[in-house]
Amino acid sequence: MGDAITERDSLPVMQTLGVTTFISDSGVTRYKVDTEEWLVYDRKIPSYWAFEKGVYLEQFDSIFHVEASIKADTAYYYDKEKLWKLIGHVDIQNRAGERFNTELLYWNQATKKVYTDRFIRIQQPERVIHSYGFDSNEQFTQYVFRNVSGIFDVDDEPNIQPEVKPISQPDSLK
């Protein structure tokens, strides 16, 4: 026989299989969550929700247009901090059709910021950007890259320097 589990915090308070649910923020439906398994650990410090078999999230605007979608192999949601930790094949698409791929991403709903210090690939219509480090708003419409590389179009025309005219000195300095 196996040992009895004596630590209550090692067991989830809830296990739900095959979940599709909607989450509201201040009475407005803002998110859709699809997952194969959802575990809630309310006695852990800090408490969290576990999506260890993958998760798919959609974020809506006030009229239910999808602003962003996020898919990850594994996710943890720290409910008190309102912090998501997305791990493994994280794939994000924003409203502009840009795609973001990384192995680790944090989404802080309290500050409305998304960030990573890991490698991230951003595919835009006109270019692909690689970066180690990324910060964004939660709609993925305003973002900053750190340690950037990529393939960019360069104008083949030679640089044409503007005509520079000397500034004449005032009479008092002559």
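**Exercise 1. In this predicted model, find the partner of Lys 32 in a salt bridge and give the N to O distance.**

Solution. Start at the side chain of Lys 32 and look for its partner: that's Asp 34. Next, check the gap. The closest N and O atoms are 3.8 Å apart, and the cut-off for a salt bridge is within 4 Å, so the pair counts. Finally, put it in context: the whole structure holds eight salt bridges.

**Exercise 2. Work out which parts of the chain Arg 95 and Asp 61 tie together.**

Solution. First, confirm the contact: the two side chains meet in a salt bridge, at 2.8 Å from N to O. Now place each residue. Arg 95 sits in the loop between β7 (83-94) and β8 (99-108), while Asp 61 belongs to the loop between β4 and β5, so this pair links parts that are 34 residues apart in sequence. Last step: is Asp 61 buried or exposed? Its relative accessibility is 11%, so Asp 61 counts as buried.

**Exercise 3. Do the same for Asp 135 and Arg 146, and say how accessible each residue is.**

Solution. Distance comes up front: the closest N and O atoms of this salt bridge are 2.1 Å apart. As for location, Asp 135 is in strand β10 (residues 127-137) and Arg 146 is in the loop between β11 (143-145) and β12 (148-151), so the pair ties together parts 11 residues apart in sequence. Then accessibility: Asp 135 has 31% and counts as partly exposed, and Arg 146, with a relative accessible area of 33%, is partly exposed too.

**Exercise 4. Describe the largest cavity: its volume, its lining and the strands that supply it.**

Solution. Begin with the search, which turns up one cavity of 30 Å³ or more. The largest cavity has a volume of about 50 Å³. Go round its wall and you'll meet, among others, Tyr 31, Leu 57, Trp 107, Val 114 and Phe 140. Sort the lining by class and you get seven nonpolar, two polar and two charged residues. As for strands, β4 (55-60) and β5 (66-72) each supply at least two lining residues.

**Exercise 5. Now take the largest pocket: how much space does it hold, and which residues are closest to its centre?**

Solution. The space comes to about 210 Å³. Of the 13 lining residues, Asp 25, Tyr 31, Tyr 77, Lys 82 and Gln 109 are the closest to the centre. Strand β1 (residues 14-25) gives the most to this lining, with three residues. By class, the pocket lining has seven nonpolar, two polar and four charged residues.

Key:
Residues are numbered from 1 along each chain as its sequence is written. This is a predicted model: local features need pLDDT of at least 70, side-chain atom pairs count only at pLDDT 80 or more; totals for chains, interfaces and linings use all residues. Side-chain values use heavy atoms; hydrogens and water are left out. On a 1 Å grid over the protein atoms alone, a cavity is a set of points where a 1.4 Å probe fits but cannot get out, and a pocket is an open set with protein on both sides within 12 Å along at least five of seven lines; lining residues have an atom within 4 Å of a point. Grid points are joined across faces, edges and corners, and a volume is the space filled by probe spheres set on the points. Helices (H or I, at least four residues) and strands (E, at least two) are DSSP runs, numbered from the N terminus. Ala, Val, Leu, Ile, Met, Phe, Trp, Tyr, Cys and Pro count as nonpolar, Asp, Glu, Lys and Arg as charged, and the others, Gly among them, as polar. Buried means under 20% relative accessible area, exposed over 50%, partly exposed in between (1.4 Å probe, protein chains only).
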